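Ready for some exercises with the structure open beside you? Try each task first, then follow the worked solution step by step.

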Amino acid sequence: MASSSLLHPSLSSLSQKRTVSYQSPSPRRPFSVSCTSSTFDPTSAATNSSPPPHRTRAADENIRDEARRHRPTPHNFSAKYVPFEAVAAGGASPESYSLDEIVYRSRSGGLLDVQHDMEALGKFDGAYWRRLFDSRVGRTTWPYGSGVWSKKEWVLPEIDDDDIVSAFEGNSNLFWAERFGKQFHGMNDLWVKHCGISHTGSFKDLGMTVLISQVNRLRKLKRPVVGVGCASTGDTSAALSAYCASAGIPSIVFLPANKISMAQLVQPIANGAFVLSIDTDFDGCMKLIREVTAELPIYLANSLNSLRLEGQKTAAIEILQQFDWEVPDWVIVPGGNLGNIYAFYKGFKMCQELGLVDRIPRLVCAQAANANPLYLYYKSGWKDFKAVTANTTFASAIQIGDPVSIDRAVYALKNCDGIVEEATEEELMDAMAQADSTGMFICPHTGVALTALDKLRKSGVIGAGDRTVVVSTAHGLKFTQSKVDYHSKDIPEMACRFANPPTEVKAEFGAVMDVLQDFLKSKKSK
């Protein structure tokens, strides 16, 4: 049975002083090492099986100081930028760049991808990596308490721990949607990965910790970076401003005027970002920020920058951890700019290639019908991609008509036998209301993903017994106005079938009793 927490049964006995057994890279036979925290290093091991004494910090020492005293043995892991087109073609490329270079596109103008030295990582078998990652869960040891940096060797292997900017993001809840699955879909193995239960309320924290950490490193290396900028539909700007504020780095945010929720707008303002409200949509903001960052010493933080995807891919690895390294059948991800669907594919694929699992799940990318260029491309048999003008959608973070990561998304979906679905405004809002009625409190984007689930269940593509994970990308508290409008039945041309408005009643005992008796009778009859 899967666990709904990263602290699954296989870790229940792994204390700070436990002796663990894992595979040596050469020769591959079990031996023991002692570890007092999550920081045991893949390239070194001790043969003494007795646990060392408990380690305590001095009163004036923090967890960074402690990490400096216990630096791991240097390793041979590395990563670099390569053209994504070479990755997609399955061949080597003579073109590559250090991660310490400020570069966003290949010489041909295409996307870049972070490529890891898989040969070096592959010297350690899957069992080793599973145990290493599991040993770091729930710790406060810097920086491994983060769900992202607990996989540091697979993310930014060469960055110094001192340069990392982290809020211990990740490790988000994998929620068993028991009632929702049974009542609405006839499923008993439906799960929701709540990536929105995070520092700034969305999955964007997973990528931003990586990008801002690398910027922090670049600034220390005296690279020409004064600040970091992004175009945003809300969540990216919140993550960027928070992590920049934590590191003392100026942040610049381009937002489309009057197109994001107040809760999203206030986050970068509160964190001290320089916010430009621009009279255009996200695609217009994206065009402007790309032009600006080409002229000024502002580092581009949008998902055009492949560093963010390295953090986002760790959510896929977390899902596998939370299922005790069993692979789900389906993972459904909302898609706008389309970097996240590729990030999930990359995380699952690395686990397969390095022997942690033997297969990957099928992925579904769910788009709002008002901003559905990938869906239209998929329905054409991948023959005719056309950017669209995105119309207004309650799923505002995916209101993108010309996605930067279209090529990445298509590559991922083709290589996992993936599917693309869409959701109308009424469908996504109804799905959100249904989920909320069973104890969740989800965002409209998750409503898009749940609509995709509904359509695939009804068509028989997803079976009743299929283990399915729906990725919830943001916290519902960011989108309360949409919920208020729905339950007030204040949305034009929408029936709001599952609205639950408050009942007005006089401040009289008899009136209150009448209303309550009618309510209780209605519940007994069901």
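**Exercise 1. Find the order of the strands in the six-stranded open sheet, and then its edges.**

Step 1. The six strands are arranged as E5-E6-E14-E11-E12-E13 in an open sheet with mixed pairing. Helices (H or I, at least four residues) and strands (E, at least two) are DSSP runs, numbered from the N terminus, and two strands pair if DSSP finds at least two bridges between them.

Step 2. Strand E5 (174-176) and strand E13 (419-423) are the edges, each pairing on one side only.

Step 3. On average, neighbouring strands of this sheet are turned by 25 degrees against each other, direction ignored.

Step 4. Now zoom in on one pair: strand E6 (residues 190-194) and strand E14 (residues 468-472) run parallel, joined by five bridges. Leu190 has Thr468 in E14 as its bridge partner.

A word on the source: this is a predicted model, in which local features need pLDDT of at least 70 and side-chain atom pairs count only at pLDDT 80 or more, while totals for chains, interfaces and linings use all residues. Residues are numbered from 1 along each chain as its sequence is written, and side-chain values use heavy atoms, with hydrogens and water left out.

**Exercise 2. Work out which strands helix H11 (residues 314-322) touches as it packs on this sheet, and which strands H16 lies across.**

Step 1. H11 touches E5, E6 and E14, and its direction makes about 135 degrees with that of E6. Here contact means heavy atoms within 4.5 Å; axes are lines fitted to C-alpha atoms, for helices over the stretch in contact, and angles run from 0 to 180 degrees between N-to-C directions.

Step 2. H16 lies across E6, strand E11 (330-334), strand E12 (362-368), E13 and E14. Its direction is at about 115 degrees to E13.

**Exercise 3. Describe how H15 packs against H16.**

Step 1. Helix H15 (residues 425-436) and helix H16 (residues 444-458) have axes 7 Å apart, at an angle of about 95 degrees. That makes H15 roughly perpendicular to H16 (under 35 degrees is roughly parallel, over 145 roughly antiparallel, 65 to 115 roughly perpendicular and the rest oblique).

Step 2. From H15 come Glu427, Leu428, Ala431, Met432 and Ala435; they meet Pro444, Gly447, Val448, Leu450, Thr451 and Lys455 in H16.

Step 3. Sort these contact residues by type: seven are nonpolar, two polar and two charged. In this sorting, Ala, Val, Leu, Ile, Met, Phe, Trp, Tyr, Cys and Pro count as nonpolar, Asp, Glu, Lys and Arg as charged, and the others, Gly among them, as polar.

**Exercise 4. Is Leu456 buried or exposed, and which residues does Leu456 touch?**

Step 1. Leu456 lies in helix H16.

Step 2. Leu456 counts as buried because its relative accessibility is 4% (buried means under 20% relative accessible area, exposed over 50%, partly exposed in between; 1.4 Å probe, protein chains only).

Step 3. Leaving aside residues up to four places away in sequence, Leu456 touches Val364, Ile419, Glu421, Val461 and Ile462.

Step 4. Glu421 is 35 residues from Leu456 in sequence, yet their C-alpha atoms are 8.5 Å apart.

**Exercise 5. Find the order of the strands in the four-stranded open sheet.**

Step 1. The order is E9-E8-E7-E10, with parallel pairing. Strand E9 (274-278) and strand E10 (298-300) form the edges.

Step 2. Strand E7 (residues 227-231) pairs with E10 over three bridges, and Val228 stands opposite Tyr299 in E10.

Step 3. Val228 and Tyr299 are also among the residues with the most contacts inside the largest nonpolar core, which has 110 residues. Such a core is a set of buried Ala, Val, Leu, Ile, Met, Phe, Trp, Tyr and Cys residues joined through side-chain atoms within 4.5 Å.

**Exercise 6. Compare the backbone and exposure of Phe168 and Glu493.**

Step 1. Most residues other than glycine have a negative phi, and most peptide bonds are trans.

Step 2. Phe168, in the loop between H4 and E5, has a positive phi near 55 degrees. With a relative accessible area of 26%, Phe168 is partly exposed.

Step 3. Glu493 has a positive phi near 60 degrees and counts as exposed at 85% relative accessibility.
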